[in-house]
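Let's take a friendly walk through the inside of a protein. Have a look at the sequence and the structure first, and then we will begin with a single residue.

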Amino acid sequence: MSNIFGSRAKRGEMAISERELSQMTRELEELHESTFPQVRKTLEELTTSLGHVVSQPSTRRGFFLGAAGAAALGAAAACSGGSSSSSAPAAPPAAPPPPAETYTGDLKVVALATALENLAVTAYGTALKKAGAGELGTVPPAVATFVQTAMKQHTDHAQAWNAVLSKAGKPTINDAPLSITQDQVSMLSKAKSVADVAKLALNLEDIAAQTYTFATANVSDAGGIMTAATIQPVETMHAAILNFVLGQYPIPDSFIGISKTLKPDTLTVK
């Protein structure tokens, strides 16, 4: 049976019935609606925590750097009090320090998550436009409904993460400044069938799920860990449904891998 479904997917056809896809989409929406209120609440607490950290006037490192600067100024003043006739040649001006990073610590992971969610929104939005223009062949209504549902959920996630950045006094991210964006958009523009789009979307959902898995072990704030752990199953369900559409029946894994994880250095903004 799976071979039959696989052959259908290769021909650009959906490998499950519209009824099955509609049922899965309803279950997906139920999962999102049941977990997202908690995500919002947890992110409010995360915003308060990160805002407190960001608002601190100085850090231990900053204190020592400031003290070192004061000592250097004192030494310079002492030297200036000597004889002018024997003064040493002026030292060349120091190179300007590199610009400070906009997003640091946990906020860099928040920025990464926002950009990744925006990329998913762009991908699904582009798929809808291509479908509307007749560039994907016949698109079953159930597929369009799933795409709209997934796109809305990614939008919800992006807006929630952006709220954290905004309240922490950082610029919000309304596009996808990631090193993978150009390639992903280029491949999507060449898609010619529902199966083509499903394969590209599946890759993005796998990346999202694994990035959130990575975040749970690399974010220091408990609220950020909880948020990543709550959103991750939704992304995993997106991927599972796309696997069904393609006839690639997902086998439950005890652990989600992290081989496709996007690291913070994937951000192309500082």
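Start at leucine 178 in this predicted model. Once its neighbours within four places in sequence are set aside, leucine 178 is in contact with Leu112, Ala115, Leu116, Leu119, Leu262, Thr266, Leu267 and Thr268. Apart from the largest nonpolar core lies another core, made of 23 residues, including Ala142, Ala150, Ala198 and Val234.

Now turn to the largest nonpolar core itself, which has 40 residues. The members that touch the most others are Leu43, Trp161, Leu178 and Leu262, so here we meet leucine 178 again. Several helices each supply at least two residues of this core, and the table shows where they run.

| Helix | Residues |
|---|---|
| Helix 2 | 18–54 |
| Helix 4 | 106–132 |
| Helix 5 | 141–167 |
| Helix 7 | 194–218 |
| Helix 8 | 222–245 |

Which helix gives the largest share of this core? Helix 4 does, with 11 residues.

Next, look at how two of these helices pack. Helix 7 and helix 8 meet at an angle of about 155°, and their axes are 8 Å apart. Angles over 145 degrees count as roughly antiparallel, which is why helix 7 is described as roughly antiparallel to helix 8. Their crossing is left-handed.

Which residues make this contact? On the helix 7 side they include Ala198, Leu202, Glu205 and Tyr212, while helix 8 brings, among others, Ile225, Gln232, His238 and Leu242. Sorted by kind, the residues of the contact of helix 7 with helix 8 are 14 nonpolar, 6 polar and 3 charged.

How values were computed
Residues numbered from 1 in each chain as written. Predicted model: local features only at pLDDT ≥ 70, side-chain atom pairs only at ≥ 80, totals over all residues. Heavy atoms only, no water. Core = buried A, V, L, I, M, F, W, Y, C linked by side-chain atoms within 4.5 Å. Buried < 20%, exposed > 50% of the residue type's maximum accessible area, 1.4 Å probe, protein only. Helix = DSSP H or I, 4+ residues; strand = E, 2+ residues; numbered from the N terminus. Contact = heavy atoms within 4.5 Å. Axes fitted to C-alpha atoms, helices over the stretch in contact; angles between N-to-C directions. Parallel < 35°, antiparallel > 145°, perpendicular 65-115°, else oblique. Left-handed = near helix turned anticlockwise from the far one by under 90°. Nonpolar A, V, L, I, M, F, W, Y, C, P; charged D, E, K, R; others polar.
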